[in-house]
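Biologist: Could you walk me through reading this one, feature by feature? I'd like the general idea and then the case at hand.

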Amino acid sequence: MRLRHDAPVVRASFDDPNLVSCAGLVPVMRLAEQAGLHDAVTDRVRLPTDKGANPGGKVATIVAGMLAGADSIDDLDIARHGGMRSLFTAVYAPSTLGSFLRTFTHGHVRQLQAAARDTLIGLAGRAPILDGADVLTFVDVDSMLRRVYGKQKQGIGFGHTKVGGYNVYLRGYNPLLATLSTPLSAPVIAATRLRSGNAGSARGAASMIAEAITTARSCGAAGEIVVRADSAFYAKTVISCCRRRNVRFSVTCRIDVKIRAACDSIADDQWVDIKYPQAVWDEDAGRWISDAQIAETTYTAFAGTRHQVTARLIVRRIRRDDPAQIPGQDELLPTYRYHAMFTDSPFTLVQAEAQHRGHAIIEQVNADLIAGPLAHLPSGRFAANNAWLTCAAIAHNLTRTAGHLAADAYRTVRPATIRTRLVNVAARLAHRARTIHLHLPDHWPWQAAFDNLFTAVQTAPG
């Protein structure tokens, strides 16, 4: 692509009041209204002083900015350009929104989180974002370290993370997320919690899992619910919470002495080859040929305590090859690397092991948030950043629901793709007979998806 020389661009002026750069906010924010976002925030959130007035409009402005790609308070000014005031009412300035966020306390954040849950329930009733939840629903829990550089931010601490495969300690916050998904649908965020950077991964996880399970059932999860987590959440409180709530658990175990002894006790004839990266299907034998094998045994966790639980221990082993081994000379005794998970899943061995590996889907949610509104935690106030995290979850769920209404592949694409193709599309406003007509770019490659979304939420005449 090159600039034209026969008709060069010689000037640029910002002077058209009837242009917008993110026309996709019209159907998405209409979807938010239909899901009850404004009413839920107005009913739930009670902030003091004039800075807390009209919380529904202010939260909606923050969410709209995040939907358009804002990752800081100043970026929320994108909601006030061109003809945006003709499309939306109660659009607030970034300075007003910053003061609004700084008014939050822990109790007010909990109110906002309750409104976020109400909105997710409304979205689930508006579109099949949890398709298949009447059979099987997964509740995935994970934490991530978000690095910050301001030393005066409240609640920061040095936490452990991996960068390029190396263990490092970084200053920041430690958000905790719980997502809902099914084998047929992409994950939505059911609960969030912001913690200090030096908080343990399982801190507060049990109570948040309980909230996520309640939300899942309110969203229509009438079938089996399986809580999946990595080894950081292999704790008495987490597993006890699952059993009290009558849901299944599938948690990775740390390979300690007891777990290794249980793995070594499995007989050689019990191991089953599975489809694993680079596996090959053997037509003659009718099985996968892979360096990964799985087996199971019975294991009692937390023996001798009131939290004692006996369930399945599913083990995956991978052959550990010696890079110094001389070709043609096999090792005397093969060695393996074990990966164990503790579960009471009712599914078969192969199904339960594959479902547990699917827990990695929450890492994609973390990546989507980091690539979007969670690129920064913009305030110096801890509660303000916690409220920002909650708004980011609302924006994520709205994006996912918009993708479902746009149909086809948009049900599972990354939120950044939906933002680029459906939200950040320029339009010119034409006012006719007390209605507004959006003139969108000709030959827009994703016109069909936009039309699907716009038609699905359309209620006004025109």
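Modeller: Sure. Let's take sheets to begin with: two strands pair if DSSP finds at least two bridges between them. Keep in mind that this is a predicted model.

Biologist: Fine. What holds strands of a sheet together in general?

Modeller: Strands pair through backbone hydrogen bonds, in a parallel or an antiparallel way. Here, one open sheet has three strands in the order S3-S5-S4, and the pairing is antiparallel.

Biologist: Which are the edge strands?

Modeller: Strand S3 (146–147) and strand S4 (157–163), each of which pairs on one side only. S4 runs antiparallel to strand S5 (residues 166–173), and seven bridges join the two. To see one of the residue partnerships, look at Phe158, whose bridge partner in S5 is Arg171.

Biologist: On to helices. Why would one face of a helix differ from another?

Modeller: An α-helix has 3.6 residues a turn, so residues three or four places apart point the same way. Try helix H2 (residues 37–44), where Leu37, Ala40 and Val41 are buried. Viewed down the axis of H2, the buried residues fall within an arc of 95 degrees, so they line one face of the helix. Asp39 and Asp43, on the other side of H2, are exposed.

Biologist: What do the buried residues of H2 pack against?

Modeller: Four helices: helix H1 (25–35), helix H3 (55–67), H6 and helix H12 (382–406).

Biologist: Where does Ala114 sit, and is Ala114 buried or exposed?

Modeller: Ala114 belongs to helix H6 (residues 106–126). Its relative accessibility is 8%, and because buried means under 20%, Ala114 counts as buried. Also check Val45: its C-alpha is 8.9 Å from that of Ala114, though 69 residues separate them along the chain.

Biologist: And what about Val350?

Modeller: Val350 lies in helix H10 (residues 349–357). With a relative accessible area of 45%, Val350 is partly exposed. From Val350 to Ala393 the count is 43 residues in sequence, and the C-alpha atoms are 33 Å apart.

Biologist: Now the aromatics. How do I describe a ring pair?

Modeller: Use the distance of the centres and the angle of the planes. A search of the whole structure turns up nine aromatic pairs. One of them joins Phe100 and Phe104, edge-to-face, at 5.2 Å centre to centre with 85 degrees between the planes. Phe100 is buried at 0% relative accessibility, and Phe104 is buried at 5%.

Biologist: What is the geometry of Tyr299 and Phe342?

Modeller: Their ring centres are 6.1 Å apart and the planes are at 85 degrees, so this pair is edge-to-face. The pair links distant parts of the chain, with Tyr299 in strand S13 (residues 292–301) and Phe342 in strand S15 (residues 336–343), 43 residues apart. Tyr299 is buried at 11% relative accessibility, and Phe342 is buried at 0%.

Biologist: Which residues make up the cluster linked by ring pairs?

Modeller: Tyr234, Phe249, Tyr299, Phe302 and Phe342.

Biologist: Last one: which charged residues lie over the face of a ring?

Modeller: Look at Lys58, which lies over the face of Tyr92 at 5.4 Å from the ring centre. Then find Arg228, which lies over the face of Phe138 at 3.8 Å from the ring centre.

How values were computed: Residues are numbered from 1 along each chain as its sequence is written. This is a predicted model: local features need pLDDT of at least 70, side-chain atom pairs count only at pLDDT 80 or more; totals for chains, interfaces and linings use all residues. Side-chain values use heavy atoms; hydrogens and water are left out. Buried means under 20% relative accessible area, exposed over 50%, partly exposed in between (1.4 Å probe, protein chains only). Rings of Phe, Tyr and Trp (its six-membered ring) pair if their centres lie within 6.5 Å; planes under 30 degrees apart count as stacked, over 60 as edge-to-face and the rest as tilted. A charge sits over a ring if NZ of Lys or CZ of Arg is within 6 Å of the ring centre and within 35 degrees of the ring normal. The arc is that of the directions from the helix axis to the C-beta atoms. Contact means heavy atoms within 4.5 Å.
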